[in-house]
Amino acid sequence: MESRLAQLQNFLRESPNDPFLKYALTMEFVKLGDKQSARNGFEDLVHAHPDYVGTYYHFGKFLEGEGEKDSALEIYEKGVLVAQQKRNFHALNELKNAMLMANGLLDDDD
């Protein structure tokens, strides 16, 4: 049976510019603990598909996990702008809350 990682890589070979497939593959790298591949995937998404709003929250959380708070905040801020432009209010709220939590102004419980 083919692994999820291999399946996603095969799908991406067929549709190399599909942002959802790139995102799914990147999240699989996160799940597997392949930090360099995850970082590369997030960076590719931000540069090649800057309007793919789902990237920003998870990339910010990834960066926070790597101890890169300032970089995470920059990613959250970019994501807020994209979410506003796309009128994606759910993502906008998540990104704003992530920024507040990263700055210690909001607890996970709030």
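## Helix α5 and the all-helical core

In α5, the buried residues are Ala-72, Leu-73, Ile-75, Tyr-76, Gly-79, Val-80, Val-82 and Ala-83. The model is predicted. Cover for these α5 residues comes from elements including α3, α4 and α6. After α5 comes Arg-87, whose phi is positive, near 55 degrees.

**Overall fold**

The chain has six helices and zero strands. Along the sequence the pattern reads α-α-α-α-α-α. The C-alpha trace spans about 45 × 30 × 25 Å along its principal axes. How does the radius of gyration compare with that of a compact globule? For 110 residues the globule value is near 13 Å, and the chain has 14 Å, so the two agree.

Of the 110 residues, 35% count as buried. The chain exposes about 6800 Å², and carbon and sulfur atoms supply 49% of that area. Among contacts with a separation of 6 or more, 39% join residues 24 or more positions apart.

**The nonpolar core**

In soluble globular proteins, nonpolar side chains tend to be buried together. Here the largest nonpolar core has 27 residues. Which elements give two or more residues to this core? They are α1 (4–14), α2 (19–32), α3 (35–48), α4, α5 and α6. The largest share, seven residues, comes from α5.

Phe-59 and Tyr-76 have the most contacts inside the core. Tyr-76 is also one of the buried residues of α5. Leaving out residues up to four places away in sequence, Phe-59 touches Phe-42, Glu-43, Val-46 and Ile-75. Ile-75 is another of the buried residues of α5.

**Two helices checked for length**

A rise of 1.5 Å a residue gives an expected span for each helix. The table sets that span beside the distance between the end C-alpha atoms.

| Helix | Residues in helix | Expected span | End-to-end C-alpha distance |
|---|---|---|---|
| α5 | 18 residues | 26 Å | 25 Å |
| α6 | 14 residues | 20 Å | 20 Å |

For α5 the two values agree. For α6, residues 89–102, they agree as well.

**Helix α6**

The buried residues of α6 are Ala-91, Leu-92, Leu-95, Ala-98, Met-99 and Ala-102. Why do they fall on the same side of α6? They cover an arc of only 130 degrees around the axis, which puts them on one side. The general rule is that an α-helix has 3.6 residues a turn, so residues three or four places apart point the same way.

What covers the buried residues of α6 includes α4 (54–65) and α5 (69–86). Gly-104 follows α6, and its phi is positive, near 75 degrees.

**Two residues in α2**

Ala-24 lies in helix α2. Is Ala-24 buried or exposed? Its relative accessible area is 8%. Buried means under 20%, so Ala-24 is buried. Ala-24 and Leu-8 are 16 residues apart in sequence, yet their C-alpha atoms are 7.4 Å apart in space.

Lys-22 is found in α2 too. Its relative accessibility is 11%, so Lys-22 counts as buried. Which residues does Lys-22 touch, not counting those up to four places away in sequence? They are Leu-12, Pro-16, Asn-17, Asp-44, Leu-45, Ala-48 and His-49.

Definitions and conventions. Residues numbered from 1 in each chain as written. Predicted model: local features only at pLDDT ≥ 70, side-chain atom pairs only at ≥ 80, totals over all residues. Heavy atoms only, no water. Helix = DSSP H or I, 4+ residues; strand = E, 2+ residues; numbered from the N terminus. Expected span 1.5 Å × (residues − 1). Buried < 20%, exposed > 50% of the residue type's maximum accessible area, 1.4 Å probe, protein only. Arc of directions from axis to C-beta. Contact = heavy atoms within 4.5 Å. Core = buried A, V, L, I, M, F, W, Y, C linked by side-chain atoms within 4.5 Å. Rg over C-alpha atoms; globule rule 2.2 N^0.38 Å. Areas by Shrake-Rupley, 256 points an atom, 1.4 Å probe, with all protein chains shown as cover.
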